[in-house]
Amino acid sequence: MKILKGIAIVLASILIFWLVLAAFISGDCNYEKSISINAPIEKVWQNTNTLKAMDQWSPWNDLDPNMKKDWTGTTGQPGEKVCWESKEAGNGCQEVKKVDASKKRIDTKIKFLTPYESEANAYVTVVSEGNGGKATWGFTSKIPYPFTVMKMFMNMEDAIGKDYQKGLSRLKEMSEKP
C-alpha cells in the first residue's frame, strides 16, 4: 500500500509540475520561410493567389499521388476551399479567408482532421525585391493549454522546414520559367 501511495504522490507531483509549467508557456505557434525569386512579382503572385495555384507547388502532393481532393467556391476568392483525404497526408480542408491583390497577400484557414485535429491560419505574401520578388509562406496556430509544454520539445524548422523549402523552391522554379 505504501508503494502505491508513493507512486500516486510522484504521478500527482509530475502532473502538477506539468500544469504549472504549461501556464507559463505561450500557446502561440508561428513559422514562416521566404525565398527570393528572379521573376516579376505579378508572375509570382499569379502562382500564389489561389488555392489551385498553390496546389501546383505544394510539397504535400508528393506524399500521396492518389490524394482525393474536393474543390468548392470561386477560385481566388474568399470561400475557395479544398478538402483532401489521404492515408499518407491525413484529412483536412483549407479555405481562402482573404485575398489582398494590392498587398499581394492571401490568407487561408486550415483545419486538419486526421491524424489529429488542429487548426492554423496560413498566408503567402509577395513583395518586390531587387529585379524580382520575395515570397514568404507562413502560418500561425495556437497550442491549447496544457499541451503548450510540447513547445519546449518542438523545432518547427526540423518539423516542416524541409517541406516549406521544397514548396518555395518549386514556386521559384515555376515563376522563373519563361
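This report walks through a disulfide, a strand residue, a surface patch and several salt bridges in a predicted model.

## Ground rules

Because the model is predicted, local features need pLDDT of at least 70 and side-chain atom pairs count only at pLDDT 80 or more, while totals for chains, interfaces and linings use all residues. Residues are numbered from 1 along each chain as its sequence is written, and side-chain values use heavy atoms, with hydrogens and water left out.

## The disulfide

Let's start with the cysteines. A disulfide is a covalent bond between the sulfur atoms of two cysteines. Here the criterion is a pair of cysteine sulfur atoms within 2.5 Å, and the count by this rule is one. The bond joins Cys-83 to Cys-93, with 2.1 Å from S to S. Its handedness is right-handed, with 105 degrees about the S-S bond.

Cys-83 sits in strand β3 (residues 81-86) and Cys-93 in strand β4 (residues 90-100), so the link ties together parts that are 10 residues apart in sequence. Helices (H or I, at least four residues) and strands (E, at least two) are DSSP runs, numbered from the N terminus. Cys-83 counts as partly exposed at 22% relative accessibility, whereas Cys-93, at 16%, counts as buried. For these labels, buried means under 20% relative accessible area, exposed over 50%, and partly exposed in between (1.4 Å probe, protein chains only).

## Around Thr-140

Strand β7 (residues 132-142) holds Thr-140, a partly exposed residue at 30% relative accessibility. Leaving aside residues up to four places away in sequence, Thr-140 touches Cys-29, Asn-30, Ala-120 and Asn-121; contact here means heavy atoms within 4.5 Å. Of these partners, Cys-29 is buried, at 9% relative accessibility.

For a sense of distance, take Thr-140 and Ala-22: they are 118 residues apart in sequence, and their C-alpha atoms are 19 Å apart in space.

## A nonpolar surface patch

Met-1, Ile-3, Leu-4, Ile-7, Val-10, Leu-11 and Ile-14 make up a nonpolar patch on the surface, together offering about 810 Å² of accessible area. Patches are made of residues with over 30% relative accessible area and no salt bridge; like charges are joined within 9 Å, and nonpolar side chains (Val, Leu, Ile, Met, Phe, Trp, Tyr) within 5 Å. Areas come from the Shrake-Rupley method with a 1.4 Å probe, and for residues only the protein chains shown count as cover.

One of the patch members, Ile-3, is found in helix α1 (residues 2-23). Ile-3 counts as exposed, at 65% relative accessibility.

## Salt bridges

Side chains of opposite charge can pair when their charged atoms come close. With a salt bridge taken as a side-chain nitrogen of Lys or Arg within 4 Å of a carboxyl oxygen of Asp or Glu, the count comes to 10. Among them is the pair of Glu-95 and Lys-97, whose closest N and O atoms are 3.9 Å apart. Glu-95 is partly exposed at 23%, and so is Lys-97 at 45%. Another links Glu-119 with Lys-111 at 3.6 Å, N to O; Glu-119 is partly exposed at 38% and Lys-111 is partly exposed at 33%.

Helix α4 (residues 156-176) contains both Glu-176 and Lys-172, four residues apart, or about one turn of the helix. Salt bridges that share partners also join Asp-62, Lys-166 and Arg-170 into one network. Back in the helix pair, the closest N and O atoms of Glu-176 and Lys-172 are 3.0 Å apart in their salt bridge. Glu-176 is partly exposed at 32%, and Lys-172 is partly exposed at 26%.
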